[in-house]
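Ready for some practice in reading a protein structure? Keep the model open beside you and try each task before you look at its solution.

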Amino acid sequence: MVQLHVKRGDDSQFLFNTTVDVSVDALVQQVAAIYNRRLKVDRICSEMTELADHGITLPPNMQGLTDEQIVDLRLRDEWEEKCAPSGGSEIKKDEIGRRNGHAPNEKMKEVLCKTTEEAKALVSKKQVQAGVCVTMEMVREALDMLRGAVMIVYPMGLPPHDPIRMEFENKEDLSGTQASLQVIPEEEAQLWWAGKEMQMGKKLQDYVGRNEKTKIMVKIQKRGQGAPSREPLVNAEEQKHMMLHYYRRQEELKKLEEADDDTYLQSEWSDRQALKRQFQGLNNIKWGPR
């Protein structure tokens, strides 16, 4: 299997296994699908942390309002009772007024937090360092884990306007958010290798040959953004080791300079001719007028 190290810019994303016979069209679609689904997992995990801390999302017309404004406008959250957490709730007010403040109890909160950590670890960027390849099945498993945890804590489901439910139903609206800049639609995705765009209609073997044990690094990019930046000759870790070696070498040279004291050469005991002069009786002879 050919192993692809997928990057976005200079940021490592995941490892992906494929074959040299795969077409570039299919490869781009597979890589982009995993890339976008991993982003979805990250967004859901972020929202689930807020869900565990402050409960479900308020209706859009109530978000950001103070309690006094809600009373004055006679607004009411009809989903508060319908979507109550299992085992009862605890009052933990959301300071930014985005969630209703009826958080799950500690036991249910632990279910959400533990599942969130497990799902994030399954598709984490740290899998690159561990040498673990991410598959679409692993991403689906992470999403199923998150969906199951939400069903345990909220058996009646979440409100239709809650971002977690919208993510699960693929109805999320990311327009105007930072997250929208990270998503790369599959039809607009490109893969670059060795500074060259991998052209649609070709196969992977047209670029890397027929060796199935090949390991390459590719960069995923949105069409129209131009060529991604080249990889530096020395990565950050290697540069750190080089700087450390240079610093240690400089310290060693300083110590050698400090130890390089030759004033002892002027001392009497270092005179190589002293013994000869003593035998000849030439010690303590002074030249010049008295």
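Let's warm up with one pair: in strand β7, K215 is the bridge partner of Q3. Bear in mind that you are looking at a predicted model.

**Exercise 1. Work out the order of the strands in the open sheet, and say how they pair.**

Solution, step by step.
- Start from β1, residues 2-8. Five bridges link β1 with β7, and these two strands run parallel.
- Now look at the pairing of β1 with β2. Here there are seven bridges, and the strands run antiparallel. Within this pairing, K7 faces S12 in β2.
- Move on to β5 and β7. Four bridges hold this pair in the antiparallel sense, and L191 stands opposite I220 in β7.
- Put the pieces together: the five strands are ordered β2-β1-β7-β5-β6, and the pairing is mixed. At the edges are β2 (11-18) and β6 (196-197), each of which pairs on one side only.

A general point to keep in mind while you look at the strands: in a regular strand, side chains alternate between the two faces of the sheet.

**Exercise 2. Compare the reach of helix α1 with the span expected for it, then find what comes just after this helix.**

Solution, step by step.
- Find the ends: α1 covers residues 24-54, which is 31 residues.
- Check the reach from the first C-alpha to the last. It is 45 Å, close to the 45 Å expected at 1.5 Å a residue.
- Step just past the helix, and you meet G55, with a positive phi of about 85°.

**Exercise 3. Find two residues that have a positive phi although they are not glycines.**

Solution, step by step.
- Begin with the general rule: most residues other than glycine have a negative phi.
- Go to the loop between α7 (163-168) and α8 (178-182), where N170 lies. N170 is not a glycine, yet its phi is positive, about 55°.
- Then visit the loop between β5 and β6, which holds A194. A194 is not a glycine either, and has a positive phi of about 55°.

**Exercise 4. Describe the largest pocket: its volume, its lining and the classes of its residues.**

Solution, step by step.
- The volume comes to about 450 Å³.
- The lining has 22 residues, and those nearest the centre are L58, D67, I70, R99 and N100.
- Two elements, α2 (67-72) and α3 (79-82), give two or more residues to this lining. The largest share, three residues, belongs to α2.
- Sort the lining of the largest pocket by class: seven residues are nonpolar, six polar and nine charged.

**Exercise 5. Do the same for the second largest pocket, and find which helix gives the most to its lining.**

Solution, step by step.
- The second largest pocket holds about 310 Å³ of space.
- It is lined by 16 residues, with N36, R37, K40, E172 and V183 closest to its centre.
- At least two lining residues come from each of α1 and α6 (136-153). The helix that gives the most is α1, with six residues.
- By class, six residues of this lining are nonpolar, three polar and seven charged.

Well done! You can now go back to the model and trace each step again by eye.

Conventions: Residues numbered from 1 in each chain as written. Predicted model: local features only at pLDDT ≥ 70, side-chain atom pairs only at ≥ 80, totals over all residues. Heavy atoms only, no water. Expected span 1.5 Å × (residues − 1). Pairing = 2+ DSSP bridges. 1 Å grid on protein atoms, 1.4 Å probe; cavity = no way out; pocket = protein on both sides within 12 Å on 5 of 7 lines; lining within 4 Å. Points joined across faces, edges and corners; volume = space filled by probe spheres on them. Nonpolar A, V, L, I, M, F, W, Y, C, P; charged D, E, K, R; others polar.
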